[in-house]
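Trainee: I'd like to practise reading labels off a model. Could you take me through the reasoning behind a few of them?

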Amino acid sequence: MEQINQVQAQRVWQRVRGSEQPSTEVTLAALIAAEWEDAAIYLQLSRKFSGKESAILYKMYQQEQHHCSCLKGIYTIATGNKPALPKATPVHGPIEQVLRNCYGREMRALSAYDARSQDAEYGHVFAKLRDQEQEHCRLILELIGSLAKK
């Protein structure tokens, strides 16, 4: 008898239950898109600052790209497909407001990764991503605080 893998079984049960919860494919795709967009925002912001602030934002850009790569790897293993990446859109508005929005985005990512940190296969990866997003929250608050000095 042919063995059904975990992903296939999950998809079948979701169809049977009427897709009560979003599939792994959908939630991973949303996380990938969010990380991709965050990376683009931090790169764009790093060019508006100089010195220490620019370096912090550029490092966050690089880390978000690493997050995206990890998630793409999980997606590829879980689904057998390569995820599509959205087109990054430029961010406009006051820098402080953009950073506030980034803080909210980081908090949502932190929560999503924390919820997945007990996953049997990828929990350790999600825990590491969660910890980095927590640090991003701290750095964003530091950046917003440094704007108040200027």
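Trainee: What makes Y61 count as buried?

Mentor: This is a predicted model, and in it Y61 has 14% relative accessibility. Buried means under 20%, so Y61 counts as buried.

Trainee: And why is Y58 called partly exposed?

Mentor: Its relative accessible area is 39%. Partly exposed lies between the 20% and 50% cut-offs, so Y58 belongs there.

Trainee: Why is the pair of Y58 and Y61 called tilted?

Mentor: The ring centres are 5.2 Å apart, and a pair needs centres within 6.5 Å. The planes stand at 50°; stacked would need under 30 degrees and edge-to-face over 60, so this pair is tilted. Y58 and Y61 are 3 residues apart in helix α3, about one helical turn.

Trainee: What makes Y113 and F126 a stacked pair, then?

Mentor: Their planes are at 25°, which is under the 30 degrees cut-off, and their centres are 6.0 Å apart, so the pair is stacked. This pair links distant parts of the chain, with Y113 in helix α4 and F126 in helix α5, 13 residues apart. Both Y113 and F126 are buried.

Trainee: How do you know that C68 and C70 are not bonded?

Mentor: The sulfur of C68 has its closest cysteine sulfur in C70, 9.5 Å away. A disulfide needs the sulfur atoms within 2.5 Å, so that is too far for a bond. The structure holds 0 disulfides.

Trainee: Is C68 buried or exposed?

Mentor: Buried, because its relative accessibility is 2%. C102, at 1%, also counts as buried.

How values were computed
Residues numbered from 1 in each chain as written. Predicted model: local features only at pLDDT ≥ 70, side-chain atom pairs only at ≥ 80, totals over all residues. Heavy atoms only, no water. Buried < 20%, exposed > 50% of the residue type's maximum accessible area, 1.4 Å probe, protein only. Helix = DSSP H or I, 4+ residues; strand = E, 2+ residues; numbered from the N terminus.
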